[in-house]
Amino acid sequence: MCLIVQANSASGMHVSDDCKLKFLELKAKRNYRFIVFKIDEKAQQVMIDKLGNPEETYDDFTRSIPEDECRYAVYDFDFTTPENCQKSKIFFIAWSPDTSRVRSKMLYASSKDRFKRELDGIQVELQATDPSEMSLDIIKGRVNL
């Protein structure tokens, strides 16, 4: 259980400590390469859909996101700068494919900013409606490689 979307929108959403903990483990301990989140619409909460092991690749990550359902994801991208320095950037990806249900797209869009604020340390954000909008070339371009 990660994020509870309360029926009373004035009270906002609550993010569980467990959800923040998994993100902190990705950020600080590098226990995960990526985390994919999904909203359980009946329970009105965001939950972890998939945790990616540190050795998993960007292809593994993209395969873990369904073609026709919305998801949030964070991905820890490692790269080497032109000056030969090892770096990483944490990407937040809001996946909202054209083929997903309208209600789902609206729910993910309206919950995104609140959820993202709870994940302290996001460095780059991508909004994708098609796989080409989150290709490895796009990721590399966002870190100026």
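This passage walks through the fold of a predicted model, from its overall layout to a few individual residues.

The protein is built from four helices and seven strands. Followed along the sequence, these elements come in the order β-β-α-β-β-α-β-β-α-β-α. The chain has 145 residues, of which 40% count as buried. Links between distant parts of the sequence are well represented: among contacts between residues at least 6 apart in sequence, 58% join residues at least 24 apart. The protein exposes about 8000 Å², and carbon and sulfur atoms supply 48% of that area.

A convenient place to begin on the strands is β3, which covers residues 34-40. Because five of its seven residues are buried, β3 is largely enclosed by the rest of the structure. This strand pairs with β4 (residues 45-52) in the antiparallel sense, over seven bridges, and within that pairing I39 stands opposite V46. The hairpin formed by β3 and β4 has four residues between the strands, and Q44 takes a positive phi near 55 degrees there. β3 also runs antiparallel to β5, to which four bridges join it; here F34 has Y75 as its bridge partner.

Further along the chain, β6 and β7 offer a parallel arrangement, joined by five bridges. F92 stands opposite E125 of β7. Strand β7 itself, residues 124-128, has two faces: V124, L126 and A128 make up the covered one, while E125 and Q127 make up the uncovered one. The E125 that faces F92 across the pairing therefore belongs to the uncovered face of β7.

Between β6 (86-95) and α3 (102-117) comes a loop that holds S100. Is this serine buried or exposed? Its relative accessibility is 7%, which lies under the 20% cut-off, so S100 counts as buried. The side chain of S100 reaches the backbone oxygen of P97 at 2.7 Å. Leaving aside residues up to four places away in sequence, S100 touches D68, E69, C70 and K105.

Helix α3 follows that loop. With 16 residues at 1.5 Å a residue, α3 should span 22 Å, and its end C-alpha atoms are 24 Å apart, which agrees. Even so, the helix has a kink of about 45 degrees, centred on S111. S111 is also one of the buried residues of α3, together with S104, L107, Y108, K112 and F115. An α-helix has 3.6 residues a turn, so residues three or four places apart point the same way.

Two further loop residues deserve a look for their backbone angles. Most residues other than glycine have a negative phi. R30, although not a glycine, has a positive phi of about 60 degrees. This arginine sits in the loop between α1 (17-29) and β3, where it is partly exposed, with a relative accessible area of 35%. N84 likewise has a positive phi, near 70 degrees, and is a residue other than glycine. Its place is in the loop between β5 (71-80) and β6. N84 has a relative accessible area of 62%, and because that is over 50%, this asparagine counts as exposed.

Technical notes:
Residues numbered from 1 in each chain as written. Predicted model: local features only at pLDDT ≥ 70, side-chain atom pairs only at ≥ 80, totals over all residues. Heavy atoms only, no water. Buried < 20%, exposed > 50% of the residue type's maximum accessible area, 1.4 Å probe, protein only. Polar contact = N/O pair within 3.5 Å; in protein donor to acceptor, adjacent residues only side chain to side chain. Contact = heavy atoms within 4.5 Å. Areas by Shrake-Rupley, 256 points an atom, 1.4 Å probe, with all protein chains shown as cover. Pairing = 2+ DSSP bridges. Expected span 1.5 Å × (residues − 1). Bend = angle between axes of the 7 residues up to and from the residue.
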